[in-house]
Amino acid sequence: MKTVLSGIQPSGNLTLGNYIGAIKNFVKLQNEHDCYFMVVDLHAITVPQEPNSLRDRSESVAALYVAAGIDPNRANIFLQSHVPQHAELGWIMTTLVNMGELERMTQFKDKSEGKDSVGAGLFVYPALMAADILLYNANLVPVGDDQK
């Protein structure tokens with residue numbers, strides 16, 4: 001059985017677009033694959049967050065997964081920060097990635113435009129994404145167009 005890994009950032013209120021573009025597909029995938037659906041709270045902290053709000057939004061995303069039909073008995077639902085290997089392998093990947101490749105990342109360009117200072121986490125975001133995928137040896141990684 002192929003492994004699927006995907007996640008949603010708890011960076012704001014979820015929308016119908018989140019459901020139609022991702023969660024609805026997650027529900028289907030759980031019937032045919034070994035699925036891991038994360039709340040990617042480590043990715044969310046690449047930009048400033050209020051800790052209590054981030055925690056509440058993270059729990060809301062996990063609850064929405066279940067409410068939308070993802071069955072915890074058929075798919076794994078978890079907060080990325082609760083699996084320390086994400087951060088550990090993310091650091092290792094950061095030491096291996098080329099700065100020139102990171103500078104081409106669309107999200108970094110968009111989120112840093114016009115700002116005097118940007119956190120390094122936003123810059124090395126792709127290294128953490130690669131670590132996520134490697135940890136689960138994922139065959140399928142449904143992502144948005146901005147992450148391809």
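## A tour from the paired strands outward

Start by selecting β2, a mostly covered strand with five of its six residues buried. Bear in mind throughout that the model is predicted.

**β2 and its partners.** β2 spans residues 34–39 and pairs with β1 in the parallel sense, over six bridges. Add β1, residues 3–8, to the selection. β1 is likewise mostly covered, five of its six residues being buried. To go from β1 to β2, follow the chain through helix α1, residues 16–29; this β-α-β crossover is right-handed.

Two positions show how β1 and β2 line up. Select L5, and Y36 in β2 stands opposite. Select S6, and the residue opposite in β2 is F37.

Now add β3, residues 75–79, which runs parallel to β2 and is joined to β2 by five bridges. Here V39 and L79 make a good selection, since V39 stands opposite L79 in β3.

**From V39 to helix α3.** Keep V39 and L79 displayed and select A62, which sits in helix α3, residues 51–67. Which residues does A62 touch, leaving aside neighbours within four places in sequence? The contacts are V39, I77 and L79. Between A62 and V39 the C-alpha to C-alpha distance is 6.5 Å, although 23 residues separate the two in sequence. A62 is buried because the relative accessible area is 16%, under the 20% cut-off.

**The salt bridge.** Next select R55 and D56. Their side chains meet in a salt bridge, with an N to O distance of 3.9 Å. How many salt bridges does the structure hold? There is one. Side chains of opposite charge can pair when their charged atoms come close. Colour the pair by accessibility: R55 is partly exposed, with a relative accessible area of 43%, and D56 counts as partly exposed too, at 42%.

**The outer face of α1.** Return to the crossover helix and select L16, Y19 and I20. These residues make a nonpolar surface patch of about 320 Å². Pick out I20, which lies in helix α1. Is I20 buried or exposed? With a relative accessible area of 54%, I20 is over the 50% cut-off and therefore exposed.

**Before β1.** Move to K2, in the segment that precedes β1. Show the surroundings of K2: leaving aside neighbours within four places in sequence, K2 is in contact with H33, D34 and N139. D34 belongs to β2, whose residues are 34–39, so this stop leads back to the strand where the tour began. K2 counts as partly exposed, at 49% relative accessibility. For a sense of distance, draw a line from the C-alpha of K2 to that of P51. The two are 35 Å apart in space and 49 residues apart in sequence.

**Helix α6.** For the last stop, select S112 in helix α6, residues 106–112. Display V118 and L122 as well; S112 touches both, not counting residues up to four places away in sequence. Is S112 buried or exposed? S112 is buried, because a relative accessible area of 14% falls under the 20% cut-off.

Methods
Residues are numbered from 1 along each chain as its sequence is written. This is a predicted model: local features need pLDDT of at least 70, side-chain atom pairs count only at pLDDT 80 or more; totals for chains, interfaces and linings use all residues. Side-chain values use heavy atoms; hydrogens and water are left out. Helices (H or I, at least four residues) and strands (E, at least two) are DSSP runs, numbered from the N terminus. Buried means under 20% relative accessible area, exposed over 50%, partly exposed in between (1.4 Å probe, protein chains only). Contact means heavy atoms within 4.5 Å. A salt bridge is a side-chain nitrogen of Lys or Arg within 4 Å of a carboxyl oxygen of Asp or Glu. Two strands pair if DSSP finds at least two bridges between them. A crossover is right-handed if, with the strands pointing away from the viewer, the path from the first strand over the helix to the second runs clockwise. Patches are made of residues with over 30% relative accessible area and no salt bridge: like charges are joined within 9 Å, nonpolar side chains (Val, Leu, Ile, Met, Phe, Trp, Tyr) within 5 Å. Accessible areas come from the Shrake-Rupley method with a 1.4 Å probe; for residues, only the protein chains shown count as cover.
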